Amino acid sequence: MMNFKDLLTTTVFRSVRRTCLPCIVLAMTSISGLAGAADDVPLGLKPVPVPKDNPQTAEKIALGKQLYFDKRLSKDNTVSCASCHAPELGFSNGERFATGVGGAKGGRSAPSVINSAYYRQQFWDGRAASLEEQALGPIANPIEMALSIEDAVDRLNKISGYKSQFQKVFGTDANPDGIAKAIAAYERTVLSGNAPFDRYKAGDKSALSEAAERGRKLFFGKANCAACHSGSNFEDNSYHNIGIGMDVKEPDKGRVAVSKLAGDTGAFKTPTLREIARTAPYMHDGSLKTLEEVVDHYAKGGIANEWLDEEIFELRLNDQDKADLVTFMKEGLASPDYPDHKAPKLPE
Ligand code: HEC
Ligand code: HEC
């Protein structure tokens, strides 16, 4: 059994104690359609946007965490969300393409779930408008968990420990809406901040090593990375063609499939760079194995194609510069408070 009091203390009361009332009100009014924000976040992060109809509660988060780790949500009980978004692998999976039920593989790599709460849209092409909208997709997807949502609901309602939690949290048996909301609430707690970069920004100039500090200057300066990897989550909630995969015969066209704007051809969502050292291989197609390869890709000006973003151009970086950029990402954006979540005890 989860210890309800502990959970409540850490996730709800702490945030109230640390938060000023006017700030809550401000946050509530500034983000339309959102009830407010979970303010108890690590140093350097913004309050987490929370939808009006899915407020964070300790019991809902605990339920969502169980669902996230539960392989019974897949057809043959072998795959959970955590199989492809594993805490020990940066909430990604270390493979070029994710492997679902029966060894099925898709054509895109599993992005990290860390800080996904901050994205305005989900998926590499942004086709889901929220974490709630995203959450049911992989359960039913034949190359991921391959279990129909009706069957998933049936299975959960046959497990008394789930049935009673759904009753407690939502006042109903398990249903698709509740599953999506609980998983999304849990994902909003998978956060990484308080990295050396954040402490440096907060005034501790010793937080970055000399190499990482040189890399930071390049990142925000002549390497032009912050043109897209900007703000507290190192992403701009936007889509760009940086040339990845554009040199194959039938490129993945990315965002254009959703936006229908020709300019979005080959464009993908700018991903966060927090905890980036843990989530190799990189890019939507997992084609770059190391951060060194990533920096080389940018240094040579990406891969030329008709839709290449104008912020991608050949950079004048020497070997020292490249190494320093990598050090900044590896050291500067890795948190000592990494969300090293363990699978919870699952209900019977
Ligand atoms: C078989 C591997 C696999 C499983 C299982 C899986 N995912 Fe994913 N997930 C992926 C891949 C691949 C993508 C990217 C797909 C795309 O962008 O088209 C993705 C994308 C996401 C995203 C979007 C992140 C972003 O940066 O846009 C979230 C959130 C997510 N998954 C959560 C989940 C949850 C919750 C579950 C369980 C219900 C789950 N995933 C199960 C492989 C998987
Ligand atoms: C024009 C916008 C833009 C600029 C400038 C830019 N990036 Fe990116 N970055 C992106 C996009 C978009 C992706 C995902 C592309 C894809 O998968 O096709 C990405 C992906 C990455 C990834 C892989 C992330 C992952 O989870 O797989 C890393 C690392 C990265 N960028 C680092 C950098 C660095 C370092 C610089 C500066 C040298 C930089 N970026 C400049 C937009 C940009």
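Here are a few notes on the cores, the ligand shell and one helix pair in this predicted model.

1. Ground rules. Local features need pLDDT of at least 70 and side-chain atom pairs count only at pLDDT 80 or more, while totals for chains, interfaces and linings use all residues. Residues are numbered from 1 along each chain as its sequence is written, with chains lettered from A and ligands numbered from 1 in the order written.

2. Main core. The largest nonpolar core (buried Ala, Val, Leu, Ile, Met, Phe, Trp, Tyr and Cys joined through C-beta atoms within 7 Å; buried is 20 or more other C-beta atoms within 10 Å, C-beta atoms being placed from the backbone) has 48 residues. L67, Y68, M145, I179, A182 and I183 touch the most other members. Elements giving two or more residues include β1 (34-38), α3 (58-69) and α9 (176-187); helices are DSSP H or I runs of at least four residues, strands E runs of at least two. A second, separate core of 27 residues includes A223, I242, V295 and L333.

3. Ligand 1. Of the 28 residues around ligand 1 (C-beta within 6 Å), C81, C84, A98, G100 and P138 come nearest. α4, α5, α6 (137-140) and α9 each give two or more residues to this shell.

4. Helix pair. α3 and α9 pack at about 100°, axes 7 Å apart (lines fitted to C-alpha atoms over the stretch in contact, angles from 0 to 180 degrees between N-to-C directions). That makes α3 roughly perpendicular to α9 (65 to 115 degrees). Among the contact residues (C-beta atoms within 7 Å) are L67 and Y68 of α3 and I179, A182 and I183 of α9.

Terms used. Buried ≥ 20, exposed ≤ 12 C-beta atoms within 10 Å, placed from the backbone. Parallel < 35°, antiparallel > 145°, perpendicular 65-115°, else oblique. Contact = placed C-beta atoms within 7 Å.
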